[in-house]
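Visitor: Hello! Could you walk me through a protein and the small molecule it holds?
Guide: Gladly; here it is.

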Amino acid sequence: MPEIRSDFIADYDSLAHTWWDPRGPLAPLGWIARARAGFVPAAPHEGARLLDVACGGGLFGPHLAGKGYRVVGVDLSALSLREALRHGFDAVARADIARLPFADASFDVVTAGQCLEHVPDPFAVVAEACRVLRPGGTLVLDTIADTRTARFVAITLAENAPLPGRPPRGTHDHRLFVNRQRLLRTARAQGVELRLHGLRPHFGDGLRYLARRREEVRMVPTASTGVLFLGVGRKR
Ligand SMILES: C[S@@+](CC[C@H](N)C(=O)[O-])C[C@H]1O[C@@H](n2cnc3c(N)ncnc32)[C@H](O)[C@@H]1O
């Protein structure tokens, strides 16, 4: 199993001031957060709780406003958690997402955006996410598939193009990209039948973003789940 880079969390601490820069290296995460929010149902009851696993700087927070959840975030980057608290998160915990510091069945919704492809054992994280989800609750996750196309798009192209919104070189390690069949099996074993949806940037928005005529790029559905994909399911 590949080892996590020991300086990976330090990278996020040092990037924490860029979370909310629409042309900064983390900008595409905000576009994906908007798409992810479309899969989060309105809170089923008063006091419902949503856990955002590896919440980073809280880019998901504004997209949850009005859905009625108490929003909790967990991440290892302390400076990022500080940002999350400023952007719609009600509480945060500094912890490893492979060992969530929460009781079984304690959340109505669990989300895990763009983090599985950064950890040595993404399936342990998925199992943890399912453990803290209550029966009937919704799991929403998004990540990068372990395909050659994803390696080309997410690393060769995205990390090397001299464009705004480019993640720093070395952000992704293709050996950590996620096997979809194993992801489905892991969630199923925990009682969550995931449905996968492919996502890609809206090409016209991408061009307008580069021409500085838009500040955000919409993410749109695509038939292929072979690069960026989202998984959604309810726990039995
Ligand atoms: C690409 S960012 C995604 C952040 C957020 N989910 C979003 O989509 O904007 C990855 C995040 O995972 C966090 N992270 C990586 N490994 C982690 C671990 N083992 N435990 C907790 N957080 C972790 C990093 O600190 C970073 O905030």
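The questions that follow are about the ligand and the pockets.

Visitor: What kind of model is this?
Guide: Residues are numbered from 1 along each chain as its sequence is written. Side-chain values use heavy atoms, without hydrogens and water, local features need pLDDT of at least 70 and side-chain atom pairs pLDDT 80 or more, while totals for chains, interfaces and linings use all residues, and the model is predicted.

Visitor: Which residues come nearest to the ligand?
Guide: A residue belongs to the shell if one of its heavy atoms lies within 4 Å of the ligand. There are 20 residues around the ligand, and those that come nearest are A54, D75, D96, I97 and G113.

Visitor: How far is a nitrogen atom of the ligand from a polar backbone atom of G113?
Guide: Let's look for polar contacts, pairs of N or O atoms within 3.5 Å (within protein, one must be able to donate a hydrogen and the other to accept it, and residues adjacent in sequence count only if both atoms are side-chain atoms). A polar backbone atom of A54 is 2.6 Å from a ligand nitrogen, and for a backbone N or O atom of L76 the distance is 3.3 Å. For G113, the distance is 2.7 Å.

Visitor: How much of the ligand's accessible area does the protein cover?
Guide: Accessible area comes from the Shrake-Rupley method with a 1.4 Å probe; for residues, only the protein chains shown count as cover. On its own the ligand has 600 Å², and the share covered by the protein is 97%.

Visitor: Which helix gives the most to the shell around the ligand?
Guide: Helices here are DSSP runs (H or I, at least four residues), numbered from the N terminus. Both α1 (8-15) and α2 (27-37) supply at least two residues of the shell. With three residues, the one that gives the most is α1.

Visitor: Which pocket does the ligand sit in?
Guide: On a 1 Å grid over the protein atoms alone, a pocket is an open set of points where a 1.4 Å probe fits, with protein on both sides within 12 Å along at least five of seven lines; lining residues have an atom within 4 Å of a point. A molecule sits in one if more than half of its atoms lie within 2 Å of its grid points. Among the 32 lining residues of the second largest pocket, A54, D75, I97, Q114 and C115 are closest to its centre. The ligand sits in the second largest pocket.
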